[in-house]
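Student: I would like to take a close look at a single part of this protein and see how that part sits in the whole chain. Could you walk me through one strand, slowly and with the terms explained?

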Amino acid sequence: MLHSQFVSLLALAGTALAAPSGDVTKRAQTVYLAGDSTMAKANGVTTGWGVFLPYSLSLPVVNKAIGGRSSRSFTREGRFDEIIKAVQPNDIVVIEFGHNDGGSLSTDNGRSVCGGAGTETCQTTYNGVAETVHTFPWYLTEAGKAIIAKGAKVIMSSQTPNNPWESGTFSYGDGGRFVGYAKAVATALGSNAIYVDHGAYTANYFKGIGKAATDKLFPQDHTHTSPVGADFVSKAFVKGLQCGGGGFLKGFVKNETASIVGSCL
Ligand SMILES: *[C@@H]1O[C@H](CO)[C@@H](O)[C@H](O)[C@H]1NC(C)=O
């Protein structure tokens, strides 16, 4: 064998082994997180809730969320593909998008989705590249199907609310169209997917603590929480999950449901 061939073979083996916990064949069941800045780790006065989820679970959590992304840009940049490639049977992928998915394609920011709930498409040119843009449900459904095809499970989670006290009085309706879509996608994916209404559980927590306390958790804008806020947003996810029976994480949540802040909705 030529030396260069041997080296590239080694490089290939290295890639295959570079899974989160090292050994791809024997590692623990793993939870992957796919989302935007409200889930991702940040280092400033704000951070995302995915940072705190590991405190509540007895499984390893790999947070692949990244700021500024939408279902579309997470797909286009190959970030879902990376997760799909990494998952093994019984791994769990939590998917939560919506904050960056709105907007219009007439001034395309690379994130806005095509309107509609089905297989509608829109044509655009982003960064000089022609792109067929799909709907929010389409992106999430394609990712979900591929994850499930690998034997893994999907938790579709609704997007977190912006500060529901910003108008002065508490206001949270149905969470907007991306919340409804997340739920519909979970249903359509079947028994290997569940839905957690994270938005409603988070809003309910903010309602309970009142305006002054909620405002303090949004130090910068109405979308991004402080680390203390992110910890509660994480707990709201776990509460919603547990109130629904725990789903694929049943038995892996460290906390008694009653001990988690908030009430079941
Ligand atoms: C569960 O308990 C741990 C401490 O053991 C804590 O850090 C975490 O925030 C709790 N999670 C919830 C959802 O209450």
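Tutor: What follows is a look at strand E3, then at the whole chain, and then at the ligand. Please keep in mind that this is a predicted model, in which local features need pLDDT of at least 70 and side-chain atom pairs count only at pLDDT 80 or more, while totals for chains, interfaces and linings use all residues. Residues are numbered from 1 along each chain as its sequence is written, and side-chain values use heavy atoms, with hydrogens and water left out.

Strand E3 covers residues 92-96; here strands (E, at least two residues) and helices (H or I, at least four residues) are DSSP runs, numbered from the N terminus. Five of the five residues of E3 are buried, where buried means under 20% relative accessible area, with a 1.4 Å probe and only protein chains counted. Ile92, Val94 and Glu96 point one way from the strand, whereas Val93 and Ile95 point the other way, and all of them are buried.

E3 also has pairing partners, and two strands pair if DSSP finds at least two bridges between them. Strand E1 (residues 31-35) runs parallel to E3 and is joined to it by five bridges, with leucine 33 standing opposite valine 94 of E3. Strand E6 (residues 153-157) pairs with E3 in the parallel sense as well, over four bridges, and in E6 lysine 153 is the bridge partner of isoleucine 92.

Turning to the whole, the protein chain has seven helices and seven strands, which from the N terminus on run α-β-β-α-α-β-β-β-α-β-α-β-α-α. Its radius of gyration, 19 Å, is close to the 18 Å that the globule rule gives for 265 residues, so the chain is as compact as a globular protein of that length; the radius is taken over C-alpha atoms, and the rule is 2.2 Å times the number of residues to the power 0.38. Of the 265 residues, 45% count as buried.

Finally, the ligand is surrounded by Tyr55, Ser56, Lys235, Val238, Asn255 and Ile260, where a residue counts as near if one of its heavy atoms lies within 4 Å. A nitrogen atom of the ligand is 2.8 Å from an N or O atom in the side chain of serine 56, and an oxygen atom of the ligand is 2.4 Å from an N or O atom in the side chain of asparagine 255; a polar contact is a pair of N or O atoms within 3.5 Å.

How values were computed: A polar contact is a pair of N or O atoms within 3.5 Å; within protein, one must be able to donate a hydrogen and the other to accept it, and residues adjacent in sequence count only if both atoms are side-chain atoms. Buried means under 20% relative accessible area, exposed over 50%, partly exposed in between (1.4 Å probe, protein chains only).
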